[in-house]
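Welcome! Let's take a friendly tour of some ring-shaped side chains and their neighbours.

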Amino acid sequence: MAKDPLVVKPATLQCEYLLNPIGIDALKPRLSWLMIDNRQDARQTAYRIIVGKDSIAISKRMGNSWDSGKINSSDRLVNYGGQPLEAFHKYFWTVVLWDKNGKLAAPGPISSFETGMMTAAHWKGDWISDGNDINKRPAPYFRKAFESSKQVKSARAYIAAAGLYELYLNGKKIGNHRLDPMYTRFDKRNLYVSYDVTAQLQKGSNAIGVLLGNGWYNHQAMAVWNFDKAAWRARPAFCMDLRITYTDGTTTVITSGKDWKTSLSPIISNNIYTAEHYDFRLEQPGWNTSDFDDRKWESVVVRKAPSDLVVSQAMQPIRNVKEIPVKSMKKLDDTTYVFDLGQNISGVTKIKVKGEDGTILRLKHGERLYANGRVDLSNIDVYYRPKDQTDPFQTDIITLSGKGQLEFMPKFNYKGFQYVEVTSSKPVQLSKESITGYFMHSDVAPKGKISSSNPLIDKLWWATNNSYLSNLMGYPTDCPQREKNGWTGDGHFAIETGLFNFDGITVYEKWLADHRDEQKPDGVLPDIIPTGGWGYGTANGTDWTSTIAIIPWNIYLFYGDSQLLADSYDSMKKYVDYITQISPEGLTTFGRGDWVPVKSKSNLEYTSSTYYFVDAIILAKTAKILHKQKDFDYYSKLAEKIKASINNKYFNAETGIYASGVQTELSVALQWGLVPEGLKAKVAQNLAKRVAADGMHLDVGVLGAKAILNALSDNGQAETAYKLAAQDTYPSWGWWIVNGATTLYENWDIKAERDISLNHMMFGEIGGWFFKGLGGIHPDEQYPGFKRIQLRPNFVSGLNHFKAEHEGPYGKIVSAWKRSGNKVVYTVTIPANSDAVISFPVADGKKVYRNGKVIASKVKLNAGVYQFEIA
């Protein structure tokens with residue numbers, strides 16, 4: 001229907017960026033939609049939001065909770081503004097639109113959202129644990145049987161946990177999430193998850209089962225990050241309310257409490273960082289069903305909540321998103337097999353195996369192989385500090401019961417790997433089908449796509465996305481194997497790649513809440529977030545922890561939503577004020593510098609001060625958006641002071657060189673707006689010359705990798721930028737790809753002795769640059785959320801065609817070009833209710849044509865599909 005030009009209607013109705021969510025705690029949740037209208041100049045002239053508890057009334061456009069009335073506006077993101085929302089209620093809503101002619105659009109879908117606890121006072125259950133010591137290895141089971149004698153209308157389970165959990169009702173696992181709840185600073189904030197369990201409840205006898213894992217809460221493994229020393233560390237615990245509403249209007253709540261029973265499970269060891277061990281001989285069939293005999297089980301222990309704040313996990317969950325079959329298997333002998341998935345992923349494996357009672361299998365997961373064909377962990381186990389050999393790195397250990405074919409997949413762990421080596425204490429027969437891989441990550445919807453005439457570019461985009469997803473686990477991480485840490489630098493280096501390609505707002509909003517939890521009273525942030533305490537060192541400075549400003553700013557640009565800026569404003573301010581206090585002259589050495597460069601080092605004071613400037617600028621702009629005029633004036637002047645200090649010390653205006661003139665130093669000045677307006681072309685030319693002098697290859701670390709391609713393509717040097725992006729010899733992104741990479745690496749040098757994880761995101765800006773530097777798609781900070789799209793494509797000579805698509809808040813943006821003889825044909829799609837400014841790169845002697853007529857090289861266009869020729 002969407003392709004029919006006569007159909008104009010609203011679509012993709014979301015509440016808090018989720019489709020029909022349950023468990024919403026926001027008092028005034030954000031409601032959003034887009035307009036389906038394929039006509040030229042399509043736009044929304046007015047909207048009306050209708051919200052109520054009766055779906056039939058909503059279908060008749062009557063709402064008893066909120067009727068906004070007709071609002072003459074093109075807005076498509078609005079906070080609920082009706083009667084105060086009540087906890088545990090389902091609200092239906094729709095939006096009515098008027099088109100460009102003031103005509104009423106066709107009816108849109110009826111959507112819904114359901115409130116959760118709203119406040120802590122609504123929790124009925126107790127926090128319970130099995131009372132064991134933090135060093136007790138096996139994971140605990142919990143159960144409770146209950147009767148439900150009346151006709152059930154609806155049932156909702158709300159569960160919060162310190163640690164990880166799986167929830168069962170009458171023997172069936174509830175939901176398809178993995179690793180719930182997400183990792184937070186557990187002594188500041190805990191998350192609860194909401195489930196509709198109406199279908200799983202049965203009349204008569206029922207049973208709830210809960211299995212708890214350690215997760216990041218009770219870190220039993222030791223590593224350099226001191227996870228095991230976290231102040232919050234304790235035996236896992238949970239709190240649960242099962243709220244049942246009957247058809248007669250009555251409600252009952254089954255809660256966690258003293259009347260539950262507990263027992264140890266067959267998961268005899270579980271560690272988010274290392275692996276999981278399982279003994280099939282210890283299984284208790286039916287443990288989570290109503291007729292199970294639990295008389296030998298123990299009583300539970302009631303404990304206090306880990307924190308005072310328990311809030312809804314209103315975000316995209318982690319799931320087993322993709323099943324990956326084994327590409328090849330090698331049998332080394334009767335007890336040793338090596339499986340290759342053909343792709344590096346984050347996630348788990350499932351094994352199906354038969355064997356004698358007591359047979360022990362070890363499943364070692366890694367990214368590399370030794371010359372003898374066995375799995376090599378030496379590049380990823382470097383930070384693990386085991387006290388013994390009982391919990392080997394990335395190695396699941398299972399003990400068979402001899403009862404036919406058995407299946408095992410870890411519940412409370414994930415790994416980064418391509419290869420799996422299975423060794424057994426007694427011979428077992430395995431085939432290629434015995435192992436299945438599951439690519440596991442936050443299940444964010446794809447939002448972007450590119451395709452080109454260069455297969456290397458397309459593979460590089462795919463590999464970048466693989467690394468991005470491998471490192472999205474409820475927060476962005478650096479790598480899924482060696483550390484699993486929320487390194488702040490890696491997070492903001494990759495933010496544009498993430499947002500061009502995926503709908504990541506819910507993950508980033510959660511992560512910035514983690515930032516606020518971790519910030520010290522003086523404004524300092526650790527450089528891994530969340531953290532058990534590690535990371536408040538001497539180098540956790542601006543180049544890394546500028547996440548506090550850069551992430552909210554990019555969310556604003558991509559979504560047109562200022563809420564994260566508002567939520568983070570005080571933290572941004574405290575942070576910038578701290579840097580100002582320790583750097584009164586406007587220059588700072590607080591930072592890590594250009595990490596893992598090829599060869600040339602950049603000046604630390606220069607790069608750290610540049611990010612200090614970025615933070616001050618974003619803070620000033622945010623103050624303006626939030627109508628804080630005094631702060632806007634103050635931080636604008638501060639930003640100017642920092643810029644002047646940097647340029648006075650590090651910029652030679654005559655030569656157009658920053659600092660010592662290496663690639664990173666020239667790039668960051670252009671990327672972050674340090675260069676005086678009239679001198680940008682000169683600095684960009686110097687950068688292009690420097691790249692040429694370096695053999696048309698990269699000589700950057702992480703700061704330069706973020707900046708260099710943009711610095712070139714935004715300043716008239718797109719040809720050089722493309723040559724760098726498409727380079728396939730060392731050092732380059734493409735060098736990894738031609739050597740078989742399916743993800744991005746941590747080091748340009750494949751044979752480096754350290755810093756050589758094969759699935760890292762810190763060099764990942766290139767995945768966003770494809771959209772910007774080749775497709776030319778940019779948000780406009782004056783009209784954020786792609787309300788106005790800035791299109792500045794670059795028709796680089798190395799490509800015959802290129803296409804970038806991005807599903808923005810208003811719909812799909814398409815920027816595509818192809819060569820046809822001596823001309824370039826450029827096609828653009830601008831979604832309804834938005835517009836675009838196109839700036840064409842017109843070489844000498846060329847002109848821009850539309851419908852055979854010459855037009856200006858810069859044009860503003862309303863929604864629609866357009867084609868141009870540059871000849």
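## Charges over rings

In this predicted model, Arg76 sits over the face of Tyr810, and the distance to the ring centre is 5.6 Å. A lysine does something you can look for in a similar way: Lys484 lies over the face of Tyr414, at 4.7 Å from the ring centre.

## Rings that pair up

How many aromatic pairs does a search of the whole structure find? The search turns up 57 of them. One of these pairs joins Phe651 and Tyr658. Their rings are stacked, with 4.3 Å from centre to centre and 15° between the planes. The pair counts as stacked because its planes are under 30 degrees apart. Are Phe651 and Tyr658 buried or exposed? Both residues are buried.

Now turn to Phe840 and Phe868, whose rings meet edge-to-face: 5.1 Å separates the centres, and the angle between the planes is 65°. This pair links distant parts of the chain, 28 residues apart. Phe840 belongs to the loop between β41 (823-839) and β42 (848-850), whereas Phe868 is in strand β44 (residues 858-870). Phe840 and Phe868 are both buried.

## A cluster of rings

Some aromatic residues gather in a group. One cluster includes Tyr183, Phe186, Trp216 and Tyr217, and Tyr475 is also among its members.

## A domain from the record

UniProt, in an unreviewed entry, lists residues 776-849 as "domain: Alpha-L-rhamnosidase C-terminal". What does this span look like in the model? Residues 776-849 are 59% strand and 0% helix, and the C-alpha atoms at the two ends lie 19 Å apart.

Definitions and conventions. Residues numbered from 1 in each chain as written. Predicted model: local features only at pLDDT ≥ 70, side-chain atom pairs only at ≥ 80, totals over all residues. Heavy atoms only, no water. UniProt positions renumbered as here; feature names shortened; annotations may be inferred. Helix = DSSP H or I, 4+ residues; strand = E, 2+ residues; numbered from the N terminus. Phe/Tyr/Trp six-rings, centres within 6.5 Å; stacked < 30°, edge-to-face > 60°. Buried < 20%, exposed > 50% of the residue type's maximum accessible area, 1.4 Å probe, protein only. Lys NZ or Arg CZ within 6 Å of the ring centre and 35° of its normal.
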